[in-house]
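Please open the model in your viewer and keep the sequence beside it, since each stop of this tour asks you to make a selection and then look at what is there.

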Amino acid sequence: MATGSGKGKTILFGEHFVVYGLPALAAGIASETTAEITRVRSFGWKLVDKRPAMPGYKEKKYEEQKASIDNMLKHLNIDTTKTGFQIDLGGDLVCASGIGASAASCVAIARALNEEYSLGLNDDQINETAYIGEMGYHGTPSGLDNTASTFGGLIWFVRDLSGGSPKFEKLKLGKAANLVIASTGLTASTKVVVGDVKKRKDADSDWFDSISRAYNHLVNDARRALIELNFDKVGMLMNRNHDLLQQLTVSCKELDSLVDIARVNGAIGAKMTGTGRGGNMIALAPDEATMKRVADALKRGGAAGVWMTTFGL
Ligand code: MEV
């Protein structure tokens, strides 16, 4: 039996824009998905998914998850026609859109396969395998989620649009930032939402270009503000990033309502995170007491799940 794990993540800046080669900032969170591989006598593979999840999440993602595992097996040349295996997924990462659950499970499975089949993969190769797995969930992943899940920490990430390896850099802040993550409880399909943005972009490139120009300034300012520990500015830029995501039509009334609740209860800034049209939002809090106040207000305001975490150190 072999085991592996992958971290959950939250996108601080750059969902959707990252698909088109603009920089993104993402933070790994402490919660993770674990995978155990046990060889069995029968052929093929069987999945026992014990991950905690938002209602409906696993059912909605099942077909994509199957494609994802088959992709990784093909990439790693693992033949299950004679001896197969069982994959047990677990861990404390609650599966919801926007928390990097699919990437975390790909990384966990890739690591467990690496150990079980003695493949000798390093972290870059685990990341590459998880990327191939992510393609089962949506055809054109930027690679941000699997990179954040493999390496953890705070990362600055830029996709190479010509198909080469992405550029990413780990950033360390001098101080931890307090973050609340809340779920709408709605599961969105990344494939559908990313595809929809692409259709709109193809139909009106001026519309997309003007929003992405504004985003490009914003994300570079956000990187500077994070390094300078200017959290007030980071929060203000998160609010502006949310406005741009609304313009991209990837937010929804449930996300907007949680974002408003966080802001009126003391968050320095709040935005949706990840795919959107459901899934999660994040709120930056100035201190621990405010973080608890924001979390309580989000629970009272109808969030389906609320988590408190830190990033940056
Ligand atoms: C999904 O977590 C993030 C998106 O930007 C898609 C991607 O990066 O592949 C929406």
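## A tour of pockets and helix pairs

In this predicted model, begin with the largest pocket, which holds about 380 Å³ of space. To find it, select E128, Y131, G164, S165 and P166, which lie nearest the centre of the largest pocket among the 17 residues that line it. Next, colour α3 (123-137) and α4 (144-151), since each of these helices supplies at least two residues of the lining. Which element gives the most to the lining of the largest pocket? That element is α3, with five residues. If you colour the lining of the largest pocket by class, you will find five nonpolar, eight polar and four charged residues.

Keep α4 in view and add helix α2 (residues 101-116), whose axis comes within 8 Å of the axis of α4 and crosses that axis at roughly 55°. An angle of this kind makes α2 oblique to α4, and the crossing of the two helices is right-handed. To see where they touch, show the side chains of A103, A104, V107 and R111 on α2, together with D145, N146, S149 and T150 on α4, for these residues make the contact. By class, the contact of α2 with α4 has three nonpolar, three polar and two charged residues.

Now move to the second largest pocket, which has a volume of about 170 Å³. Select A27, G28, G153, L154, K170, L171, K172, T310, F311, G312 and L313, the residues that line the second largest pocket. The elements that give two or more residues to this lining are the strands β2 (24-40), β6 (167-171) and β10 (305-311). Coloured by class, the lining of the second largest pocket shows five nonpolar, four polar and two charged residues.

For the last stop, select helix α7 (residues 231-247) and helix α8 (residues 253-264), whose axes come within 12 Å and cross at roughly 165°. Are these helices roughly parallel or roughly antiparallel? The crossing angle makes α7 roughly antiparallel to α8, and the crossing of α7 and α8 is left-handed. Show N239, H242 and Q246 on α7, and then D256, V259 and R263 on α8, to see which residues of the two helices meet. The residues of the contact of α7 with α8 divide into one nonpolar, three polar and two charged.

Definitions and conventions:
Residues are numbered from 1 along each chain as its sequence is written. This is a predicted model: local features need pLDDT of at least 70, side-chain atom pairs count only at pLDDT 80 or more; totals for chains, interfaces and linings use all residues. Side-chain values use heavy atoms; hydrogens and water are left out. Axes are lines fitted to C-alpha atoms, for helices over the stretch in contact, and angles run from 0 to 180 degrees between N-to-C directions. Helices (H or I, at least four residues) and strands (E, at least two) are DSSP runs, numbered from the N terminus. Angles under 35 degrees count as roughly parallel, over 145 as roughly antiparallel, 65 to 115 as roughly perpendicular and the rest as oblique. A crossing is left-handed if the near helix is turned anticlockwise from the far one by less than a right angle, and right-handed if clockwise. Contact means heavy atoms within 4.5 Å. Ala, Val, Leu, Ile, Met, Phe, Trp, Tyr, Cys and Pro count as nonpolar, Asp, Glu, Lys and Arg as charged, and the others, Gly among them, as polar. On a 1 Å grid over the protein atoms alone, a cavity is a set of points where a 1.4 Å probe fits but cannot get out, and a pocket is an open set with protein on both sides within 12 Å along at least five of seven lines; lining residues have an atom within 4 Å of a point. Grid points are joined across faces, edges and corners, and a volume is the space filled by probe spheres set on the points.
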